[in-house]
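Let's take a walk through this model and look at how its chains meet. Have the 3D view open as you read.

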There are 2 protein chains.
Amino acid sequence: MTSATAGQEPGSSDSPATAGGSRSLRAWEQVVEWVEQRILSGQIRVGDQLPAERELAAQLGLSRSAVREAVRTLQANGVVRSSVGAGPSGGTTVTAVPHHALTRLLRLHVALANFPIDDVTEVRVVLERLSASLASRHAGLTALRRMRETVERMDAEGLSREDFNALDTDFHVAIAEAAGNSLATDLTVAIRESLRLPILAGFKASDDWDSLNAMLRREHHAILDAVEAREPDRAAELVEQHIRSAYERMPSLHGQWRGVADA
Amino acid sequence: MTSATAGQEPGSSDSPATAGGSRSLRAWEQVVEWVEQRILSGQIRVGDQLPAERELAAQLGLSRSAVREAVRTLQANGVVRSSVGAGPSGGTTVTAVPHHALTRLLRLHVALANFPIDDVTEVRVVLERLSASLASRHAGLTALRRMRETVERMDAEGLSREDFNALDTDFHVAIAEAAGNSLATDLTVAIRESLRLPILAGFKASDDWDSLNAMLRREHHAILDAVEAREPDRAAELVEQHIRSAYERMPSLHGQWRGVADA
């Protein structure tokens, strides 16, 4: 179980790498990579414990501080959990990455990478078409009820734009969850959440909020009707139209998005 | 610039939260959240410096160690970079999340979350349909040449299954990159890479490797022909057929995937 990748650059690379530039792995990154390779190849699974710090350091020919740093990083990303105390019950256990860890990083990535909003919109379209289509086939009664309630709460008088936006996000998330494809759900949620603030800004910049929100509510009702009628193709088509027309009708979204994301 | 979220749970929450369970934020997580909220709202942008550790701790009413822990986590995910030295030139700068940070987490997430391979396949289909379609419209000469070279290298005699798989991954990544939609590229790369080992295992388990690899090469040629002919719909259709039929023709993939991903 000795690693082929580890040990290439022993302890010396513990010092910070030259910022940026082409990547030679630092010591802690080598440890992370070692763990990740074993997870990806199935040698380490959810519920397994990592070797103890000292043991792992010896095995990889790296310093204990490199191992500690790596474990902390894996922990911050929810890949491992360390239990308190160093006794036999303590240790570092591999966990399933919690959805919020991925969502958070993807959301930040979308915000910082300065993806053109057109790119984000195209990806949203294909993912949400998939979700709407699968939801039309598979949504159970509880999921349908949740979508119906969300849609109806959006019809309430005098909703603030913040509340409206929160419910709007909920509706799209509910469809993704009803689809029963957990990877599509995670990606859709992350992308929709990364758009939460730009979309809210779009609402706030709208010259005619009453007609914008009436349009959005009408479209949500139509999508839900198609899902309830079990018409996958129509639901997918309506979701695509909805995303594209909302985007068209919020010209400020471009400006706002650039404002948010440009360096 | 005082935060509304920070300060709710002062220093006391510095101690480790009860493992798992519903989430009340630990101190360092509050700091991460504070930074993230400001990034998502555009108050902090790429190139900006975070306040100094001491200042941020005072501002949020949290300990300096919580701030340090948060910065380390953001650093590990590539959200910030700390320059060595604490002088006026030192400090913590917000950077664009490097693609490999997201790819790595998404890849791990796909491996650990134990997504059914059917779910992963459906998401691949919609993302790669998008990529193939956009590549047919937008691929430049360099991108086309790269795809052509990859496809031709796969025709070489006596390629090992490992090398074949590496080139296969390259081909799908090349299409995603040629599409010019950077979010679709990142997601496609992460998902295809998370499948690298299961697919290799599928190749190895194949009873008739010669005909499997002949089929895959034929399909790659056909996809590339469609992209070169600038036929987006045909390219999208061929990619979908290719992904689905490869999956069908590797029955071990189900078994292997379960083997890899089940806890």
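Which residue of chain B forms a salt bridge with A:Arg72? Keep in mind that this is a predicted model. The partner is B:Glu69, and the closest N and O atoms of the pair sit 3.4 Å apart. Between chain B and chain A the count comes to 2 salt bridges. Polar contacts add to the picture: 6 residue pairs make them across the interface, with both residues at pLDDT 80 or more.

So what does chain B put forward here? Helices 1 (27-40), 3 (64-76), 4 (99-112), 5 (117-138), 8 (182-194) and 12 (252-261) of chain B each bring at least two residues to the side that touches chain A. Helix 4 of chain B gives the largest share of that side, with 13 residues. Sorted by class, the side of chain B facing chain A holds 35 nonpolar, 13 polar and 13 charged residues.

Now for the extent of the interface. In contact are 61 residues of chain B and 61 residues of chain A. The two chains bury about 5700 Å² between them, and carbon and sulfur atoms give 69% of that area. On the chain B side, the residues that lose the most area to chain A are B:Leu40, B:Leu112 and B:Leu183, together 13% of what that side buries.

Finally, the symmetry. A turn of 180° with a shift of 0.0 Å along the axis lays chain B on chain A, with an RMSD of 0.1 Å. That is how a two-fold axis relates two copies. Both copies use the same surface, as 98% of the contact residues of chain B recur in chain A.

Conventions:
Residues numbered from 1 in each chain as written. Chains lettered and ligands numbered in written order. Predicted model: local features only at pLDDT ≥ 70, side-chain atom pairs only at ≥ 80, totals over all residues. Heavy atoms only, no water. Contact = heavy atoms within 4.5 Å. Buried area = accessible area lost by both parts, 1.4 Å probe. Salt bridge = Lys/Arg side-chain N within 4 Å of Asp/Glu carboxyl O. Polar contact = N/O pair within 3.5 Å; in protein donor to acceptor, adjacent residues only side chain to side chain. Helix = DSSP H or I, 4+ residues; strand = E, 2+ residues; numbered from the N terminus. Nonpolar A, V, L, I, M, F, W, Y, C, P; charged D, E, K, R; others polar. Least-squares fit on C-alpha atoms with pLDDT ≥ 70 in both.
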